[in-house]
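Visitor: I've just pulled this one up and I'd love a quick tour. Shall we start with how the chain pairs up with itself?

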Amino acid sequence: MSQKPKPSHGLAACPGCAEPLDSGDRFCGACGYDLSAVPAAGIGPDRPTVAIGTPVNWPDAPPREPGSLSTMTQHPGDLPGTDSGGHDLPAASAPTGDFELAAPDPRAAVRVDDPVPVPGAAPASVSAQAQAQQAPAPGAAHGDGLCVACRAGRVDTDGYCENCGHAQPRERDHMERELGGVAAVSDRGLRHHRNEDAFAVSTTTLADGSPATLAVVCDGVSSATRPDEASAAAAEAAGAALCAALPRGTHPQQAMHEAIVAASEAVNSLAEKAADGEPHRNAPACTIVGSVVADGLLVVGWVGDSRAYWVPDDRTAPAARLTEDDSWAAQMVAAGLMNEAEAYADERAHAITGWLGADAYELDPHTAAFKPDRSGVVVVCTDGLWNYAEGPEDMARVVPADAADRPLHGARVLVGHALDGGGHDNITVALVPFAVPPQGAGSA
């Protein structure tokens with residue numbers, strides 16, 4: 001879908017009737033809605049932090065409130081650092097409370113989202129993605145090259161049997177990877193003809209030698225051209241960028257910001273191959289969400305409506321959603337025009353207002369850093385999963401109790417939950433364990 005101009009009133013469509021709006025509109029021409037009555041959306045833009053030296057020394061978590069069971073967190077504004085130009089970050093107060101996140105900018109253009117495929121290969125540093133992304137031609141997984149249906153015909157280059165015409169399953173229809181305690185599972189689901197999600201999982205070290213684990217999940221925009229290539233390129237580029245930046249001493253939050261920028265550039269480059277002569281019209285596009293766990297810090301970054309959740313091992317403590325969707329539904333909630341239940345029940349709920357792609361209005365990576373006071377697991381997933389476990393408490397109920405110890409098993413259970421619920425979409429989930437050292441133990 002082509003990019004719509006950014007309206008001055010902050011909305012791409014009328015909150016009352018969804019009619020497209022122009023930048024100078026004061027009232028909706030279709031229903032007369034007073035656009036000046038729309039409240040401004042929330043908190044200011046994300047301020048990622050930047051490189052720190054060796055040894056790595058993250059700030060302490062804020063003190064817990066007496067009697068509180070909630071997971072205390074570290075917020076972006078609490079982290080020292082400079083912006084990408086080398087200047088000190090503004091001394092603005094950061095949000096307070098448990099896992100509070102800035103609301104998305106409701107002024108962005110709207111694009112309809114749905115999942116997408118995954119070709120491409122990752123470097124050795126992102127080895128968990130490499131095999132998943134180096135998908136062979138359809139039928140190649142069956143080494144004899146015979147049709148899985150009739151077992152007599154050969155499979156042609158388009159993935160169909162030359163004898164009976166049966167479409168062959170692709171290796172990408174179901175992918176599983178586990179590496180150094182982080183794991184991901186991706187499945188085509190029950191309604192789509194191919195799996196159009198992509199992921200990268202990996203482990204690396206920080207500049208001081210301490211371990212870091214990461215996961216990146218991307219969901220192609222099906223209304224765009226070649227969305228499978230977009231999601232694959234984004235996952236590969238983001239994973240490689242993180243694996244390169246963290247060992248150099250780059251702060252994990254800044255590394256996440258840079259990884260999203262790298263993913264965006266990788267997706268943008270695909271538009272140059274468009275055959276219609278209009279590289280920015282309906283260009284390849286995808287969403288992205290990622291998480292890094294390093295030395296007691298939990299960092300997430302995202303663009304679009306793929307999500308990250310925090311699920312503590314101690315289920316008496318509350319789970320939390322760590323990301324805020326770039327979507328029509330989130331826009332309506334942030335503007336105070338609907339509650340969450342109403343917004344996500346609307347047929348327009350999954351129209352996204354932020355994505356990676358050459359026809360995106362502007363790149364606005366969101367990042368946030370947290371420092372939980374207890375162990376748990378980060379769930380990084382596409383909407384193919386969270387549609388069946390939307391609230392944090394819903395996600396906590398379906399994540400196995402031993403997910404931090406058995407992340408691959410946990411990811412399989414979550415994919416199974418989505419399939420049991422209908423499997424309407426491609427499903428991808430990565431689990432990144434977060435461990436708090438026992439009291440008195442030093443950092444790993």
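Visitor: How many bridges join strand 4 to strand 5?
Guide: Strands here are DSSP runs of E with at least two residues and helices are runs of H or I with at least four, both numbered from the N terminus. Two strands pair if DSSP finds at least two bridges between them. Strand 4 and strand 5 run antiparallel, and the number of bridges joining them is 9.

Visitor: Before we go on, what kind of model is this?
Guide: Residues are numbered from 1 along each chain as its sequence is written, and side-chain values use heavy atoms, with hydrogens and water left out. Local features need pLDDT of at least 70, side-chain atom pairs count only at pLDDT 80 or more, totals for chains, interfaces and linings use all residues, and the model is predicted.

Visitor: Back to strands 4 and 5: which residue in the turn has a positive phi?
Guide: The two strands form a hairpin, with 5 residues between them. One bridged pair is D197 with D219 of strand 5. In the turn, the residue with a positive phi, about 90 degrees, is G209.

Visitor: Strand 5 also pairs with strand 6, so which residue of strand 6 does A215 stand opposite?
Guide: Strand 5 and strand 6 are antiparallel too, over 9 bridges. Strand 5 is mostly covered, with 9 of its 10 residues buried (buried is under 20% relative accessible area, exposed is over 50%, and partly exposed is in between, with a 1.4 Å probe and protein chains only). Opposite A215 in strand 6 you'll find S291.

Visitor: C286 caught my eye, so is it buried or exposed?
Guide: C286 sits in strand 6. Its neighbours, leaving out residues up to four places away in sequence, include C218, V267, W355 and L356, where touching, or contact, means heavy atoms within 4.5 Å. Its relative accessibility is 0%, so C286 counts as buried.

Visitor: How far apart in space are C286 and A230, C-alpha to C-alpha?
Guide: A230 is one of the residues that C286 touches. In sequence the two are 56 residues apart, while in space, C-alpha to C-alpha, the gap is 5.9 Å.

Visitor: Which element gives the largest share of the largest nonpolar core?
Guide: A nonpolar core is a set of buried Ala, Val, Leu, Ile, Met, Phe, Trp, Tyr and Cys residues joined through side-chain atoms within 4.5 Å. The largest one has 35 residues, and L242, I288, V292 and L356 touch the most other members. Elements giving two or more residues include strand 4, strand 5, helix 3 and strand 6. The largest share, 10 residues, comes from helix 2.

Visitor: How many of the 19 residues of helix 2 are buried?
Guide: Helix 2 covers residues 227-245 and reaches 27 Å from first C-alpha to last, close to the 27 Å expected (1.5 Å times one less than the number of residues). The rest of the structure largely encloses helix 2, because the number of its residues that are buried is 15.

Visitor: Now the other sheet: what is the order of strands in the open sheet of 6?
Guide: Strand 8 and strand 13 pair antiparallel over 6 bridges. Strand 13 and strand 14 do so over 6 bridges as well. The whole open sheet is paired antiparallel, in the order 2-3-14-13-8-9.

Visitor: Which strands stand at its edges?
Guide: Each edge strand has a single partner strand, so one side of each is left without a neighbour in the sheet. One of those pairings is with strand 8, over 2 bridges, with Y309 opposite R321. The edge strands are strand 2 and strand 9.

Visitor: Which helix packs on this sheet?
Guide: It touches strand 2, strand 3, strand 13 and strand 14, and its direction makes about 145 degrees with that of strand 14. Axes are lines fitted to C-alpha atoms, for helices over the stretch in contact, with angles running from 0 to 180 degrees between N-to-C directions. The helix is helix 8.

Visitor: Last one: what percentage of the protein chain's residues count as buried?
Guide: Strand 13 has 6 of its 6 residues buried, with V378 on one side and V377 on the other among them. Across the 444 residues of the protein chain, the buried portion is 52%.
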